[in-house]
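The exercises below ask the reader to work through one protein model, moving from its sheet to its helices and its aromatic rings. Please keep the sequence and the coordinates open while following each solution.

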Amino acid sequence: MSRPPRELNSYLTTRHFYGSELQRCRSEAEMTLEDLAEKVPFSRSQLHRVEIAETLPMQGLSKALDQLFGTGKHFERLYELVRQSPEIHPEQYRRRMTVEARARVISEYAGMIVPGLVQTEAYARALFYEANPRATTEEIDELVEARMSRQELLRTSSPPDVSVILDEAAVRRPVGGPEVMREQLARVADLASTPISVVQLLPFAHGAHPLLGGTLTLMLLDDDTAVAYEESIDTGTLLEDPESVTTRQRKYDLLRSHALSPSETASFIRSVMEAYAP
């Protein structure tokens, strides 16, 4: 026996509001979910789950809906609210995402894992499962979708310049199995030197350094304001006072001076990939 349709309270969360707006536009266009699935690159079941607020809107859905229904950027704007909603991200992370969306330059140091902006979906999924092995598949799907949505800023018409320093531990530590690691390392190697990205590896041989044991993100915003973001296992701190940011920028610059060049980094990572060859 099929379950009765879930009653949707459009004011409960931003996700519910998105779903109710999708349902409203679809109904006004006299379209069934099957009709809609024929016009956008998503299945009926995926669209149904978005409508009843069981899952986050998929990447690319909002733009497709705006084009189909002629709603300007209505769904794209709603999507920005949904992906930063409190039911997905605690306050400190939502603040970071808001600032990140304004960044012209993003510089990251990652000590233990590949940073979110350059993670593959499979790598991110493996990390979320490890962090919460009791989470349901739907809960993990939401977290992965939210993580992947951050990467959309790299595909805009004016993406930020991205610089990443990876500790050797981040490329040596296996996450998700050989296939997942091989895909992730290939992604990082491909981004080592592009028009918008630079990746450099800090080898174990360098020894101790000022950022050991943490992560750091430096962002230069569209109004030339500089901010820093530090993150631990489950907390994040956004620093906006100039003195704190300058201190951390100096540490980052010193670290970068000891890292391998982008071309050396790509070669190093591809050599590590050989250990994960099928």
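**Exercise 1. A pair of facing residues**

Task: Find the residue of β2 that stands opposite S107, and describe how the two strands concerned are joined.

Solution. The model is a predicted one, and the values below are computed from it. The residue facing S107 is S163, which lies in β2. Taking the strands as wholes, β1 and β2 (residues 161-167) are joined by six bridges and run parallel.

**Exercise 2. The order of the sheet**

Task: Establish in what order the six strands form the sheet, and which of them stand at the edges.

Solution. Step one is to follow the pairings across the sheet, which is open and reads β3-β2-β1-β4-β5-β6, with mixed pairing. Step two concerns the ends of that order: β3 (197-202) and β6 (236-239) each have a single partner strand, so each has one side without a neighbour in the sheet. From one strand to the next, the twist averages 15 degrees.

Step three looks at individual pairings, for which it helps to recall that strands of a sheet pair through backbone hydrogen bonds, in either a parallel or an antiparallel sense. Strands β2 and β3 run parallel and share six bridges, and within β3 it is L202 that stands opposite D167. Strands β1 and β4 (residues 215-221), by contrast, run antiparallel and are joined by seven bridges, with T215 of β4 as the bridge partner of A110.

Step four asks how enclosed β1 is. Of the eight residues in β1 (residues 103-110), six are buried, so the strand is largely enclosed by the rest of the structure.

**Exercise 3. The surroundings of D223**

Task: Locate D223, decide whether D223 is buried, partly exposed or exposed, and list polar contacts made by its side chain.

Solution. D223 lies in the loop that connects β4 with β5 (226-231). Its relative accessibility is 44%, and because buried requires a value under 20% and exposed one over 50%, D223 counts as partly exposed. Turning to the contacts, the side chain of D223 meets that of R102 at 3.2 Å, and a further polar contact, of 2.9 Å, links the side chains of D223 and T225. As a check on the wider layout, Q23 is 200 residues away from D223 along the chain, and the C-alpha atoms of these two residues are separated by 39 Å.

**Exercise 4. Aromatic rings**

Task: Determine how many aromatic pairs there are, and classify the pair formed by Y18 and F75.

Solution. The count comes to two aromatic pairs. For Y18 and F75, the ring centres are 5.4 Å apart and the planes meet at 65 degrees, and since an angle over 60 degrees defines the class, the pair is edge-to-face. This pair links distant parts of the chain, for Y18 belongs to helix α1 (residues 14-28) and F75 to helix α5 (residues 74-83), 57 residues apart. The other pair joins F69 and F75, with 6.4 Å from centre to centre and 45 degrees between the planes, and it is tilted.

The next step is burial: Y18 and F75 are both buried, F75 having a relative accessible area of 0%, while F69 also counts as buried, at 17% relative accessibility. Taken together, Y18, F69 and F75 form one aromatic cluster.

**Exercise 5. Helix packing**

Task: Describe how α1 packs against α4 and how α10 lies relative to α12, and then examine S20 within α1.

Solution. Two packed helices are described by the angle between their axes and by the distance between those axes. For α1 and helix α4 (residues 61-69), the angle is about 30 degrees and the axes are 11 Å apart, so α1 is roughly parallel to α4. The crossing of these two helices, α1 and α4, is left-handed.

For helix α10 (residues 178-190) and helix α12 (residues 262-273), the axes come within 9 Å and cross at roughly 165 degrees, so α10 is roughly antiparallel to α12. The crossing of α10 and α12 is left-handed.

Finally, S20 has its place in helix α1 and counts as buried, at 15% relative accessibility. The side chain of S20 reaches the backbone oxygen of F17 at 2.8 Å.

Key:
Residues are numbered from 1 along each chain as its sequence is written. This is a predicted model: local features need pLDDT of at least 70, side-chain atom pairs count only at pLDDT 80 or more; totals for chains, interfaces and linings use all residues. Side-chain values use heavy atoms; hydrogens and water are left out. Buried means under 20% relative accessible area, exposed over 50%, partly exposed in between (1.4 Å probe, protein chains only). Helices (H or I, at least four residues) and strands (E, at least two) are DSSP runs, numbered from the N terminus. Two strands pair if DSSP finds at least two bridges between them. A polar contact is a pair of N or O atoms within 3.5 Å; within protein, one must be able to donate a hydrogen and the other to accept it, and residues adjacent in sequence count only if both atoms are side-chain atoms. Axes are lines fitted to C-alpha atoms, for helices over the stretch in contact, and angles run from 0 to 180 degrees between N-to-C directions. Rings of Phe, Tyr and Trp (its six-membered ring) pair if their centres lie within 6.5 Å; planes under 30 degrees apart count as stacked, over 60 as edge-to-face and the rest as tilted. Angles under 35 degrees count as roughly parallel, over 145 as roughly antiparallel, 65 to 115 as roughly perpendicular and the rest as oblique. A crossing is left-handed if the near helix is turned anticlockwise from the far one by less than a right angle, and right-handed if clockwise.
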